[in-house]
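User: I'm new to reading protein structures, and I'd like to practise on one. Can we go through it together with some questions?

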Amino acid sequence: MTDTPFAPDDAQARRAVRPVICYPNDSLPEPDLPLYRRARQGAVKTAEQRVDPREAACFEVPAGHFFRITSIEGPQVGDLNLWNRNNLSERFYSGKTRALHGTHVSTGERLWSSFPYMRPMATIVEDTLGWYGIDEFGGSVHDVIGTRCDPYTGNLLSGSQYHHCCHSNLTRALADHLRLPLAEAEPHVHDVLNVFMCTGFTRDTGQYFMKASPVRPGDYLEFFAEIDLLGALSACPGGDCSAEHSSDTAACYPMLVEVFAPPTDELANWRPPAVNGYDRSHGRG
Ligand SMILES: [Zn+2]
């Protein structure tokens, strides 16, 4: 970091202050992973959805069921949106998920919903890339820092009109699934979980970087649905995101989403989490 004319005499001392974790998450309600795993053991597949390269597709998962996203045929990154199936205004909140769990998520961590609901929407129960950890560049997989590739940023930076960015793919998939005009579907599309994407921030310039995903065909990320979910997954035009996105240049592969129903008895006493307990009076009456 370079000193500016305003640097105080104790600049180094101020920088040397040790950081504290913003949201110590040891008081977060713990997911009952042993229960989920018991329920998963006898689960049977009820649906599957193939996602074509540079396209997106929707899928529905009832509360208490599981869904698995698998890389098939070649290394491929997926952009995931989640909504409450019964109320689209409750949707995945990547910023708060990042604040609670960190820049990347894995087994035992949860995808949280937007205000005023702010409750777990899904819990990660299995991650075959959990071994990756954090590499020497500060990169890791399944990020909640990128937003989604979109045609507006491409237009801003290069004047392009590219139509198969994840934002547009998710917009078309949601419009088709709910039979909405594109303009009505688009505002529901939100910042994603970048499934299998390997990203981080450079230490010297603080810039968002991506690198070739370590995912290989057969790798998967599996979730327990805490509430009734509508999901949309885009097979990113960046492919494994080793070089570029927002174009038709990268090798791109399909992805697979599978839904599994648990045996009825295992979750007999389980209930979806309640919405957030804040009273919403915001200090007035
Ligand atoms: Zn993308």
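Analyst: Sure, let's take it piece by piece, keeping in mind that this is a predicted model.

User: How many helices and strands are in the chain?

Analyst: Let's start with the parts list. Both kinds of element turn up, and the tally for the chain is six helices and 13 strands.

User: What radius of gyration does the chain have, set against a compact globule?

Analyst: A compact globule of 285 residues would come out near 19 Å. The C-alpha atoms here fill a box of roughly 65 × 50 × 45 Å along the principal axes. The chain agrees with the globule figure, as its radius of gyration is 20 Å.

User: Among contacts between residues at least 6 apart in sequence, what percentage join residues at least 24 apart?

Analyst: Here we leave out contacts between residues that sit less than 6 apart in sequence. Of the contacts that remain, the part joining residues at least 24 apart is 73%.

User: Which strands stand at the edges of the six-stranded sheet?

Analyst: Read the order across this open sheet: E1-E13-E3-E11-E7-E6, with antiparallel pairing. An edge strand has a single partner, so one side of it is left without a neighbour in the sheet. Going along the sheet, the twist averages 25° from one strand to the next. The strands at the edges are E1 (44-51) and E6 (110-112).

User: Which residue in E11 stands opposite Phe66?

Analyst: Strand E3 (residues 66-71) runs antiparallel to strand E11 (residues 220-225), and five bridges join them. Phe66 belongs to this pairing, and opposite it in E11 stands Phe224.

User: Which residue is the bridge partner of Arg110 in E7?

Analyst: E6 and E7 pair in the antiparallel sense over three bridges. E7 also pairs with E11, again antiparallel, over five bridges, and there Glu126 stands opposite Glu222. Back on the E6 side, the E7 partner of Arg110 is Thr123.

User: How many of the eight residues of E7 are buried?

Analyst: For the chain as a whole, buried residues make up 40% of the 285. Strand E7 is mostly covered. Helix H2 (residues 33-41) lies across E3, E7 and E11, running at about 70° to E7. Of the eight residues in E7, the number buried is six.

User: Why do the buried residues of H3 line one face of the helix?

Analyst: In helix H3 (residues 94-101), the buried residues are Ser94, Thr97 and His101. What covers them includes E6 and strand E9 (193-201). Look down the axis of H3: these buried residues line one face because they fall within an arc of 60°.

User: Which residue follows H3, and what is its phi near?

Analyst: Step just past the end of the helix and you reach Gly102. Its phi is positive, near 115°.

User: How far apart are the end C-alpha atoms of H5?

Analyst: Helix H5 (residues 166-178) has 13 residues, and at 1.5 Å a residue they should span 18 Å. The model agrees with that, as the end C-alpha atoms are apart by 18 Å.

User: Which elements do the buried residues of H5 pack against?

Analyst: H5 has plenty to look at here, with Cys166, His167, Ser168 and Asn169 among its buried residues. Just after the helix, Arg179 takes a positive phi of about 55°. As for the packing, the buried residues of H5 sit against strand E2 (56-61), strand E4 (78-84), helix H4 (151-158), helix H6 (182-185) and strand E12 (229-235).

Conventions: Residues are numbered from 1 along each chain as its sequence is written. This is a predicted model: local features need pLDDT of at least 70, side-chain atom pairs count only at pLDDT 80 or more; totals for chains, interfaces and linings use all residues. Two strands pair if DSSP finds at least two bridges between them. Helices (H or I, at least four residues) and strands (E, at least two) are DSSP runs, numbered from the N terminus. Axes are lines fitted to C-alpha atoms, for helices over the stretch in contact, and angles run from 0 to 180 degrees between N-to-C directions. Two residues are in contact if their C-beta atoms, placed from the backbone, lie within 7 Å. The expected span of a helix is 1.5 Å times one less than its number of residues. A residue is buried if 20 or more other C-beta atoms lie within 10 Å of its own, exposed if 12 or fewer, and partly exposed in between; C-beta atoms are placed from the backbone. The arc is that of the directions from the helix axis to the C-beta atoms. The radius of gyration is taken over C-alpha atoms; the globule rule is 2.2 Å times the number of residues to the power 0.38.
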